Structure formats: structure tokens, C-alpha cells
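Here is a short report on a two-chain model. The contact between the chains comes first, then features within each chain.

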Amino acid sequence: MSKTARVLLWTALGAGFAVLYFPLLVVLLNSVNADTTFGWPPKSFTLEWWGRAVTSEGALHALWTSVLVGLAATAIALLLGTMAAFALQRYRFFGRNSVSLLIVLPIALPGIVTGIALNNAFRTILGVDLGVATVIIAHATFCIVVVFNNVVARLRRLGGNLEEASMDLGANGLTTFRLVTFPMLRSALLAGGLLAFALSFDEIIVTTFTLGSGMETLPIWIYNNLFRPNQAPVVNVVAAVLIVVSTVPVYLAQRLSGGESASGGRI
Amino acid sequence: MTAVSTPSDRVSAYFHRKPRLRLGLLLGAPMLWLGLAYLVALGALFVTAFWSTDVFTGNVVTDWSLDNFVTLFSDSVYHTITLRTVGIALLVTVIDAVIAFPMAFAMAKLASPRAQRILVIAVMTPLWASYLVKAYAWRTLLSGNGVLNWLLSPFGGTGPGYGITATVITLCYLWLPYMILPIYAGLERLPDSLVDASGDLGARSPRTFRSVILPLAFPAIVAGSIFTFSLSLGDYIAVKIVGGTSQMLGNVVYDNIGAAGNLPFAATVGLVPVVIMLVYLAAVRRTGALNNL
């Protein structure tokens with residue numbers, strides 16, 4: 001490759017990353033910008049917004065709802081995703097491709113379709129009131145694929161040799177699972193669980209259509225307060241915290257899965 | 001074998017002899033969940049699209065009719081919104097592909113293996129930063145006294161403000177990592193020897209790019225486009241945050257569920273992105289892109 005081409009490609013990469021990170025840096029800076037309308041460049045800095053954010057009852061309540069929903073959806077996704085991963089990785093059966101398509105479908109179709117389909121099913125067909133339970137069901141549905149991807153990647157890499165050895169040495173199926181298979185899967189499960197939680201924590205479109213009225217997850221709280229001028233600085237602090245906190249699951253999942261499939265559900 | 005047989009042994013042995021039963025137990029719960037919670041819901045959405053709403057009570061009436069479809073196809077407002085939504089989704093997809101390709105190429109072919117790992121994490125981190133935070137970041141960037149106007153003012157320029165341009169910029173930004181990662185994965189698999197062979201046979205860089213790299217990377221680009229296209233097609237929040245008064249299909253669905261309370265019509269409109277996506281998936285099936293997801 002010519003030298004010019006190399007220089008151009010490196011420049012494109014650098015510029016691309018600058019664009020990816022610049023808006024996030026501005027949000028971080030704005031969280032200490034003393035100007036309530038975020039006039040640029042900032043004339044002075046303050047920590048007042050941070051103080052107001054940590055005592056904001058609405059935000060804290062929404063945070064709690066988000067954590068509750070995320071934990072419940074992750075637990076369901078861990079169980080169902082792992083079962084599906086074992087079935088598809090260890091068995092060959094009729095309709096296997098359709099099953100894997102069905103697992104991917106909830107995130108391959110636009111979020112609004114998933115959202116309105118579930119909203120309609122709960123309200124019109126089942127006649128159930130929307131609440132925390134309905135949003136947990138919705139989130140679990142699209143989180144399954146994240147766990148599934150991580151566990152499938154690990155099972156594919158492991159093969160079955162160690163389990164066969166364990167059985168040859170006289171351990172039964174349950175003992176083999178407990179002492180051999182599960183320990184080897186543990187980090188993949190943790191990575192999948194972290195990413196499923198992160199996906200649930202960030203989800204807004206499906207949540208809008210499946211959460212009961214008067215309830216708020218953190219993204220919904222942000223959205224509801226986005227257009228209230230006097231709340232803008234507090235929203236900005238919450239946004240800044242989310243940017244910093246969101247790096248944790250990505251980093252941990254990448255470490256735990258060894259880069260097998262830590263990019264999450266969509267990829 | 002040992003003569004001692006614990007209950008756990010007997011259970012294991014029983015399941016060991018019956019692989020179909022094991023498969024059934026493993027597959028049963030996930031399929032039941034996805035079948036009930038998702039497939040039935042999708043089916044019900046399709047059915048509801050043919051129902052209507054009582055004008056006085058606002059309740060859903062299960063009378064079958066094509067009225068919703070007639071409204072959707074005859075009202076020029078919905079033509080405009082559908083065309084705008086598809087146009088935005090296509091534009092976002094093309095722009096992202098153009099920006100992502102050189103980035104992914106540099107990552108896959110120029111960076112060292114150690115740098116590759118770091119760069120992949122660097123692409124993924126903004127992907128996991130909250131959707132809303134990123135859309136919101138662009139709202140402050142694009143605002144009247146925001147960073148963009150400040151940056152452009154020395155050159156006598158101004159930012160686009162809120163509107164369709166702002167929506168396209170924001171969506172491009174939001175989905176860019178979803179395009180970079182599949183293209184990177186595709187290019188990483190592309191053997192260097194093919195590029196070298198092309199050069200040895202006398203092809204210059206542009207020719208090698210056009211005749212060797214692009215055809216081989218195409219399925220990966222299409223794989224990325226499925227995400228950027230689908231995600232843009234269903235979006236209604238970015239356009240609310242930075243789009244000014246313009247609307248997309250998602251907004252029509254949202255407004256009909258919330259304020260207007262016309263769930264059947266929302267269902268009808270919701271089928272539009274489903275149909276467009278299914279057509280799109282069928283069209284790209286031949287490229288083998290679906291195996292790249």
C-alpha cells in the first residue's frame with residue numbers, strides 16, 4: 001500500500017474516533033458548566049449540579065426501578081439464553097435455523113415494532129395492566145440473545161473433550177456439569193449477564209411501550225426531564241454518570257469473554 | 001462400573017439414554033417464552049391492524065376492516081412520512097458505510113494485533129454509552145449557543161440547527177459503531193495474500209480496492225447496513241430530540257398509542273417498518289450477509 005494511502009487511512013481512523021468521543025466529552029464538561037443553558041465555551045465551573053443530582057428523588061427512584069428491571073430481566077435471560085445455547089450448540093435438529101432466527105428477531109426488528117407488539121399483546125389481547133412485570137418480560141425477551149451469543153461462543157471454543165474425559169472417569173452427567181462444564185462457562189455467563197443488564201438499563205423505546213404509567217426507568221426519567229429547562233443541569237449530570245458507568249460492563253465483559261463475543265446482541 | 005448407584009446417577013443415566021428428551025427440556029422453556037412473548041405478540045399486532053377504535057369510547061372494536069390500510073395508503077401525510085423515514089434510513093446507512101469503511105480498514109489491516117484489541121474496545125465503549133445520552137449530547141452540540149456554532153463561527157458558518165439534517169447527523173453518530181464492527185470483522189478475515197497477489201499482477205491500489213477488497217467485504221457492509229437501516233427505520237426519539245417539527249414513522253406509532261389512543265391504527269403503521277425490513281432482509285439474503293450477523 002502506498003504511503004499516502006496509509007496516512008489517509010490513519011487520519012480517517014483518528015478523525016472517526018475524535019467524532020465518536022467528542023460529544024461524550026462535551027457532556028462530561030457540561031456537567032460542571034455553571035451556565036444552565038450550556039453556553040459554549042463554559043465561562044465558569046461548578047459542582048452544584050452534581051449535588052442536586054445525588055439528592056434528586058425522581059432520578060434515584062428511577063435508578064432503583066432500572067436496577068430492579070435489569071436484574072430480573074438478566075436473571076431470566078441467563079437461564080433461557082443458556083438453555084437455548086446448549087440446545088443449539090450441542091444438538092442437530094429440524095428447524096434449528098428457525099430457532100436461531102427467533103432468538104435474534106427481537107433485536108433485528110426495529111425496537112418500536114417489539115414495543116408496540118408487546119404493548120398490544122398485554123393490553124388488547126391479554127387485558128393486563130402495564131407495570132414493572134410487563135417491562136421485565138419485554139426486556140428479558142431481547143436480552144436472551146446477548147447471553148445466548150456469549151454462551152454459544154464459549155461452548156464452540158470448548159468443544160466436548162473435557163466433559164467426555166469426566167464421564168470416562170466415572171462422573172455422572174450432573175456431577176460433570178457441576179464440576180466441569182459450569183466452571184468453564186462461568187466467565188461467559190458473567191459477561192453475557194453484564195451485557196444483558198447494560199442493554200436493559202439503556203433501553204428506552206421498548207420500555208416506553210411496556211412500562212406502567214407513572215413509573216420511570218432511568219432513561220425514561222432522562223427523557224421526561226430533557227425538555228424541562230430547570231432540570232437540564234441535573235439531567236446532564238445523570239448523563240455524565242451514565243457515560244462513565246457504561247464503560248465498566250464493556251471493559252469487564254471484554255476481559256471475561258476474552259473477546260469471544262462481547263459486542264453484545266446485535267453483532 | 002461401580003455397583004453403587006446414587007439417585008443422582010440414576011437421574012443422569014436416565015437422561016443420558018434419552019437425547020431427544022434432553023433437547024426438549026433445554027429448548028422447551030426458551031421456545032415457550034419467545035413463542036408466547038414474541039411470536040404471538042407479533043401475530044396479534046398483525047391481527048389488530050385490521051381492527052378499529054370506537055369513536056366515542058376509544059375502546060378497541062374487533063370488527064374486521066381494511067379502513068386503517070386505506071387511511072395509511074390514501075393520506076398523503078403518511079406517504080410523506082414513510083418516504084422521509086426510508087430516505088433518512090438509507091442516507092444514514094450510506095453515510096455510515098462511507099465513514100466506517102476506512103476506519104475498519106485501518107483497524108483490520110494497519111494496526112498491530114495488540115492495537116486491534118484496544119481499538120475494538122474503543123469502538124464498543126460509545127456503543128454502550130446510553131442511547132439517550134448520545135442523542136442528548138447532539139442536542140446540546142447543535143443548540144443555538146452550542147459547540148458546533150462556536151466552532152463554525154470563525155469561518156462565518158453556522159450549524160444546521162434542529163431539523164432533518166440534525167436527525168441524520170445524530171442517527172449516523174448513534175449507529176456508526178454498528179457499522180464499524182461487522183466491516184472490521186469482515187476485513188480481518190480477508191487474507192492479505194489476495195491483496196498482495198492483486199498488486200503483484202500489476203493492479204494499482206484503486207483497482208485492487210474495486211476488484212478485490214470491495215467484493216469480498218461487501219457481505220460485511222450489508223450486515224452492518226441491516227442494523228443502521230433497521231435502527232433508523234424504527235427511531236422516533238432522536239427526531240423528537242433534535243428533529244424540530246419533522247416526524248418519522250415511529251412518531252406516528254407513538255402518537256397513536258399515546259395521545260390519540262388508536263392502537264389498531266398504530267399497529268397498521270407499525271407493520272410498515274416490518275414489511276420494509278422483511279423486503280430488505282430478503283433482498284440482501286443472496287449476499288450471504290445474514291451469516292455475518
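How many residue pairs are in polar contact across the interface of chain B and chain A? In this predicted model, the rule finds eleven such pairs, both residues at pLDDT 80 or more. Salt bridges across the interface of chain B and chain A number zero.

**The interface**

The contact draws on 87 residues from chain B and 89 residues from chain A. About 8,200 Å² is buried between the two chains. Carbon and sulfur atoms give 79% of that area. On the side of chain B, Tyr38(B), Trp128(B) and Tyr136(B) lose the most area to chain A. Together they make up 11% of what that side buries.

Which helix gives the most to the side of chain B that touches chain A? Helix 2 of chain B, residues 19–48, does so with 20 residues. By class, that side of chain B has 67 nonpolar, 13 polar and seven charged residues.

**A helix pair across the interface**

Two packed helices are described by the angle between their axes and the distance between the axes. Helix 5 of chain A (residues 111–126) packs on helix 2 of chain B at about 80 degrees. Their axes lie 8 Å apart. The angle falls within 65 to 115 degrees, so helix 5 of chain A is roughly perpendicular to helix 2 of chain B.

Helix 5 of chain A makes this contact through residues including Val113(A), Ile116(A), Leu118(A), Asn120(A) and Ile125(A). From helix 2 of chain B come, among them, Tyr38(B), Leu42(B), Leu45(B) and Thr48(B). Tyr38(B) is also one of the residues of chain B that lose the most area to chain A. The contact of the two helices has twelve nonpolar, three polar and no charged residues.

The two sets of classes are listed here.

| Set of residues | Nonpolar | Polar | Charged |
|---|---|---|---|
| Side of chain B that touches chain A | 67 residues | 13 residues | seven residues |
| Contact of helix 5 of chain A with helix 2 of chain B | twelve residues | three residues | no residues |

**Within chain A**

Chain A has eleven helices and zero strands. Its C-alpha atoms fill a box of roughly 70 × 65 × 30 Å along the principal axes.

A search over all chains finds two salt bridges in the whole structure. Arg90(A) and Glu163(A) form a salt bridge, at 3.2 Å from N to O. Arg90(A) sits in helix 3 of chain A (residues 57–90), and Glu163(A) in helix 7 of chain A (residues 161–168). The pair links distant parts of the chain, 73 residues apart.

**Within chain B**

Val86(B) belongs to helix 4 of chain B, residues 76–110. Beyond its neighbours within four places in sequence, Val86(B) is in contact with Phe229(B), Leu233(B) and Ile276(B). The C-alpha atoms of Val86(B) and Ile226(B) are separated by 13 Å. Along the chain, Val86(B) and Ile226(B) are 140 residues apart.

Methods:
Residues are numbered from 1 along each chain as its sequence is written. Chains are lettered from A and ligands numbered from 1 in the order in which they are written. This is a predicted model: local features need pLDDT of at least 70, side-chain atom pairs count only at pLDDT 80 or more; totals for chains, interfaces and linings use all residues. Side-chain values use heavy atoms; hydrogens and water are left out. Contact means heavy atoms within 4.5 Å. Buried area is the accessible area (1.4 Å probe) that two parts lose on being put together, summed over both. A salt bridge is a side-chain nitrogen of Lys or Arg within 4 Å of a carboxyl oxygen of Asp or Glu. A polar contact is a pair of N or O atoms within 3.5 Å; within protein, one must be able to donate a hydrogen and the other to accept it, and residues adjacent in sequence count only if both atoms are side-chain atoms. Helices (H or I, at least four residues) and strands (E, at least two) are DSSP runs, numbered from the N terminus. Ala, Val, Leu, Ile, Met, Phe, Trp, Tyr, Cys and Pro count as nonpolar, Asp, Glu, Lys and Arg as charged, and the others, Gly among them, as polar. Axes are lines fitted to C-alpha atoms, for helices over the stretch in contact, and angles run from 0 to 180 degrees between N-to-C directions. Angles under 35 degrees count as roughly parallel, over 145 as roughly antiparallel, 65 to 115 as roughly perpendicular and the rest as oblique.
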